[in-house]
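Student: I'd like to take a close look at one part of this protein with you. Could we start from the overall picture and then zoom in on a single helix and what it packs against?

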Amino acid sequence: KITPDFWFIGIAAGSILTFFLSFYQVFFLHDARAQGNSISPVPYGQACAIFMAICLSGIFQKNMKFSWKIFLFTGAICALFSLLLSGTRGAWIYIPFIMVIISLAFIKEYGNMKYALPLIVFLVLSISSLQLSKNFDFASRMSQITLDIKRYQEDNHSGTSIGSRFLMWSFALDLIEKKPVFGWGETGYGAETIRAIKDGRGDSQFQSQPHNEFLNFAAKFGIPGIMILIMVYMMPIHIARKRKEELIQHGQYGLYLSTMLIPIGYLLFGLSDSTIIYSEAIIIYFYFLTFLTAWMDGAIPFASPKQ
């Protein structure tokens, strides 16, 4: 029988194993970026970010033994390292949101911010120590963003990751303006992409999606598509807020935080990529949230792991 506490512990165990895989790929195989067995480092980094959020949320499970909470914290640190080693800048922006929400949760749960300070200090020290490694390029990846934006502003240069996104976003906005109600569909969007490249309005880095979840749904599926996307993100948050007090009474505050943080994470990821199309995102988002909402609705009973 799967229970919330067992689920949290399982995520932490997976996060620790993921760290070893990421460490091996970057420091032994000398891969530029960790990506597990994914087709790209991007969905891998996004998954690691979600694992980090889940592990930190699990610390607030009231009936969980302290030793398990230490295990969850270890899993969160491992997930953070894997995220940074993946080089997925679009997922890095999730880290401050996690820290703010978790810090507020510490204040609510314990009435004092001092309990959150060791967590924040440890995370800062962990990132700093990792930055000292010659195999890790956190600073260069961040500085590259500023350089790419400057090059795009100066000469409309789209031959970079950031420049290509700006061009794809502009292209998607043009399509939305032409067909705002029902969109172009997958086939129509693809045909317009090919036409734009031939006409010189696009470049070879144009893909089947504009690297923005909201522009992707709006351009392809119009107003109905964007409304469905918003519902997909907002429904779990609505359910969690509705059940918040009941969950806290049952000692399931971690369950509430997880259900809030997962949609927030994928909403943020969607600002720089179309994440829902990845199989990893489909599995994590819908599979995890199915379990979480089932626990909240009482379809699966609460219980704590026994040693």
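How many helices and how many strands does the chain have? And once that is clear, which elements do the buried residues of α13 pack against?

Tutor: Happy to walk through it with you. Keep in mind that this is a predicted model. The chain has 13 helices and zero strands, so α13 is a helix by DSSP assignment. Across the chain, the average pLDDT is 83, and 81% of the residues score at least 70. Helix α1 (residues 4-27) has the highest mean pLDDT of the elements, 94, while helix α6 (residues 117-131) has the lowest, 65. Where pLDDT is low, the predicted coordinates should not be read in detail.

Now to your helix. Helix α13 covers residues 279-296. Its 18 residues should span 26 Å at 1.5 Å a residue, and because its end C-alpha atoms are 25 Å apart, the expected and modelled lengths agree.

Next, look at which of its residues are buried. Among them are Ala281, Ile284, Tyr285, Phe288, Leu289, Phe291 and Leu292. The list also includes Thr293, Ala294, Trp295 and Met296. An α-helix has 3.6 residues a turn, so residues three or four places apart point the same way. With that in mind, try following Ile284, Phe288 and Leu292 along the helix in the viewer; each of these is buried.

As for the partners, the buried residues of α13 pack against α1, α2, α10 (213-242), α11 (244-249) and α12 (253-269). A good residue to follow here is Ile262, which touches Tyr285, Phe288, Leu289 and Leu292. Ile262 also touches Ile50, Ile54 and Tyr94.

That brings us to the wider setting. The largest nonpolar core has 77 residues, and Ile262 is among those with the most contacts inside it, together with Tyr94 and Tyr266. Helix α2 (residues 41-58) gives the most to this core, with twelve residues. A second, separate core has five residues, including Phe19, Ile77, Cys78 and Phe81.

To place all this in the whole chain, buried residues make up 51% of its 307 residues. Among contacts between residues at least 6 apart in sequence, 72% join residues at least 24 apart. The contacts of Ile262 with Ile50 and Ile54 are a nice pair to view with that figure in mind.

Methods. Residues are numbered from 1 along each chain as its sequence is written. This is a predicted model: local features need pLDDT of at least 70, side-chain atom pairs count only at pLDDT 80 or more; totals for chains, interfaces and linings use all residues. Side-chain values use heavy atoms; hydrogens and water are left out. A nonpolar core is a set of buried Ala, Val, Leu, Ile, Met, Phe, Trp, Tyr and Cys residues joined through side-chain atoms within 4.5 Å. Buried means under 20% relative accessible area, exposed over 50%, partly exposed in between (1.4 Å probe, protein chains only). Helices (H or I, at least four residues) and strands (E, at least two) are DSSP runs, numbered from the N terminus. Contact means heavy atoms within 4.5 Å. pLDDT is the predictor's confidence in each residue, from 0 to 100. The expected span of a helix is 1.5 Å times one less than its number of residues.
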